[in-house]
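Q: Please pick one part of this model and take me through it closely. Then show me any pockets and cavities, step by step.

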Amino acid sequence: MQWYRCLECGHSFQSARRLARGRARLWHDYVWGRQTLAQLAEAEERSARWVQKELDATRPLARTATPQATVIAADMTFWGRGYGVMVFRSPTMKQNLWWTESFQETPWMYGDGLRALQQQGWSITGAVIDGKRGVAQVFEREGIPVQYCQFHQVKTVTTYLTRKPQTDAGKALRALSLTLKDASEASFTAELNAWYETWKDFLDEKSPTLRKKRGWEYTHQRIRSAYRSLKENLFRLFTYQRHPELNLPNTTNTLDGMFSQIKNRLAVHRGLRRDRRLKLISEILSGEDKTA
C-alpha cells in the first residue's frame, strides 16, 4: 500500500480511503474468494501475520433491510458439538434478519430472536421451524402460525425406521411419510389413520425384558416412535395449507442452503479464533457476494 510523507514535518501516513479500499479488497478475497492467509500473503508480498492484522482491522459494511411484515424460517446449525449459529431468515426477501452464536439450541433463544426483531419493528406473520420441542409455543404465544418443516419430519421418521425398514409396517409408514410434500392435510390424515388401524395389533406387541421394572417392552418401539412423531406433529405439518395468504414455505430449505454455504467457506479457514469465526459468519449471513 502506498505511503506518503509530509514535506513540512516529515510525518509518514497512508490515504485513509486507499487503506480502507485495500482492506475491503483483502476481506472480499478472504471471504468470497476463499483465499487463505498464505495465498493472500503471497499475492500481497507480505507476511501472513500482516494479512491477518489487516483483516482484523476490517469493519464490513452492515447490510440492513427496512422492517416490515414477513414470514421467517428459523433454525440452528452446529459444527461438531461445540459451536452453533441460530438464524432467522425471510424466505420471501431472501435475507437473513437475525443471528447469534450459541453452544446449545433452546426455546428461549428463539424467543430472544423473535423479541429482537419485534423491537426493530418487524412484524412476523408466520414461522417455519424444524420441530424441536418447545419452540412452536414461543411463536404461538404471540399468535404467530407455525409450520413444521416437512423435510425434517421425514428425516425424523427415517432416523427411527432407516431408509430400508425390515418390516412391512415400517416400509408402509416410511412410504407414507415420503408423500408429505404432495399430500393435502385431509388425505394424509386419513392415510395415517388407516395405517394405524391396519397395524394397531402389530404395534401393541410386547416382548419380555429385564431392563424395565414392568418386565416387558414394546417389540416395535422404533416404529411406534416414528408413528407418534407424525401423529403429534400432524397439525403443524400443514399450517401452510390452512393459511395460503401467508405464503409459508413447507420446509426450512432456504436456511439449509445458507448453512451449507457457511460451512463450505469456513472449511477453507480451519482453526479460526471464535471472534474471527463469528465475524466471517456474519459477513456471509449479512448478504451474498454482490460482485460474484
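A: The answer starts with one strand and its partners, then turns to the pockets and the cavity.

This is a predicted model: local features need pLDDT of at least 70, side-chain atom pairs count only at pLDDT 80 or more, and totals for chains, interfaces and linings use all residues. Residues are numbered from 1 along each chain as its sequence is written, and side-chain values use heavy atoms, with hydrogens and water left out.

Start with strand E4, residues 83-90. Strands (E, at least two residues) and helices (H or I, at least four) are DSSP runs, numbered from the N terminus. E4 is mostly covered, with 8 of its 8 residues buried (under 20% relative accessible area; exposed is over 50%, partly exposed in between, with a 1.4 Å probe and protein chains only). In a regular strand, side chains alternate between the two faces of the sheet. Look at one side of E4: Tyr83, Val85, Val87 and Arg89 are buried there. Now turn to the other side, where Gly84, Met86, Phe88 and Ser90 are buried too. Both faces of E4 are therefore covered.

Next come the neighbours. Strand E3 covers residues 69-79. E3 and E4 run antiparallel and are joined by 7 bridges (strands pair if DSSP finds at least two bridges between them). In one of these pairings, Phe78 has Gly84 of E4 as its bridge partner. E3 and E4 form a hairpin, with 3 residues between the strands. There, Gly80 takes a positive phi near 65°.

E4 also pairs with strand E5, residues 95-102. These two run antiparallel as well, and 7 bridges join them. Phe88 has Trp98 of E5 as its bridge partner. E4 and E5 form a hairpin too, with 4 residues between them. Lys94 in that turn has a positive phi of about 55°.

E3 leads on to the pockets. On a 1 Å grid over the protein atoms alone, a pocket is an open set of points with protein on both sides within 12 Å along at least five of seven lines; in a cavity a 1.4 Å probe fits but cannot get out, and lining residues have an atom within 4 Å of a point. The largest pocket has a volume of about 630 Å³ (the space filled by probe spheres set on the points, which are joined across faces, edges and corners). Its lining holds 25 residues; closest to the centre are Asp130, Gly131, Lys132, Arg133 and Asn233. E3, helix H6 (150-161), helix H9 and helix H11 (253-266) each give two or more residues to this lining. H6 gives the largest share, 6 residues. By class, the lining has 6 nonpolar, 9 polar and 10 charged residues (Ala, Val, Leu, Ile, Met, Phe, Trp, Tyr, Cys and Pro are nonpolar; Asp, Glu, Lys and Arg are charged; the others, Gly among them, are polar).

The second largest pocket has a volume of about 280 Å³. Of its 14 lining residues, Ala24, Thr58, Arg59, Pro60 and Leu61 are closest to the centre. Helix H1 (residues 16-31) gives the most, 6 residues. This lining divides into 8 nonpolar, 2 polar and 4 charged residues.

H1 appears once more, at the cavity. The whole structure has 1 cavity of 30 Å³ or more. The largest cavity has a volume of about 60 Å³. Trp27, Tyr30, Gln52, Leu55, Asp56, Leu272, Arg276, Lys279 and Leu280 line it. H1, helix H3 (48-57) and helix H12 (274-286) each give two or more residues to that lining. The cavity lining has 5 nonpolar, 1 polar and 3 charged residues.
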